[in-house]
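Please open the model in your viewer and keep the sequence panel beside it, so that each selection can be followed in both. The tour begins with one pair of strands and then widens to the whole chain.

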Amino acid sequence: MKFEEALKAMREGKKVKRPVNLFPRAMKDGKICEVWKRANGKLVYEPLETMYCSNIIAGDWEIVE
């Protein structure tokens, strides 16, 4: 899917990623965040300060669990 669709999915509470990304992205408090899991299982939402144009124009975004 295109980034526009991925952004809509994030606004709906879903996590998305591209195959080249290690961690999915999600929205929290109105910001796009990278989501990763600590050893204790707790999810960490790290807000992104920037985003590469190559991610914005990519068409290979997908919804993940």
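Select residues 31–37, which form strand β3, together with residues 43–47, which form strand β4: in this predicted model the two strands run antiparallel and are joined by five bridges. Show the side chains at the end of β3, where K37 stands opposite L43 of β4. Between the two strands lie five residues, and with them β3 and β4 form a hairpin; pick G41 in that turn and check its backbone, since its phi is positive, at about 90 degrees. While the strands are still highlighted, recall that in a regular strand the side chains alternate between the two faces of the sheet.

Next, colour the model by secondary structure, which brings up two helices and five strands, and trace them along the sequence in the pattern α-β-β-β-β-α-β.

Now select every C-alpha atom and turn the trace along its principal axes, where the spans are about 35 × 25 × 20 Å. How does the radius of gyration agree with that of a compact globule? For 65 residues such a globule would have a value near 11 Å, and the protein, with 11 Å, agrees with it.

Switch to a surface view, in which about 4700 Å² is exposed and carbon and sulfur atoms supply 53% of that area, while buried residues make up 31% of the 65 residues. Then display contacts with a separation of 6 or more, of which 42% link residues 24 or more positions apart. Finally, select the charged side chains: the 13 positive and 10 negative charges have mean positions 4 Å apart.

Technical notes:
Residues numbered from 1 in each chain as written. Predicted model: local features only at pLDDT ≥ 70, side-chain atom pairs only at ≥ 80, totals over all residues. Heavy atoms only, no water. Helix = DSSP H or I, 4+ residues; strand = E, 2+ residues; numbered from the N terminus. Rg over C-alpha atoms; globule rule 2.2 N^0.38 Å. Buried < 20%, exposed > 50% of the residue type's maximum accessible area, 1.4 Å probe, protein only. Contact = heavy atoms within 4.5 Å. Areas by Shrake-Rupley, 256 points an atom, 1.4 Å probe, with all protein chains shown as cover. Lys, Arg positive; Asp, Glu negative; His and termini not counted. Charge placed at Lys NZ, Arg CZ, Asp CG, Glu CD. Pairing = 2+ DSSP bridges.
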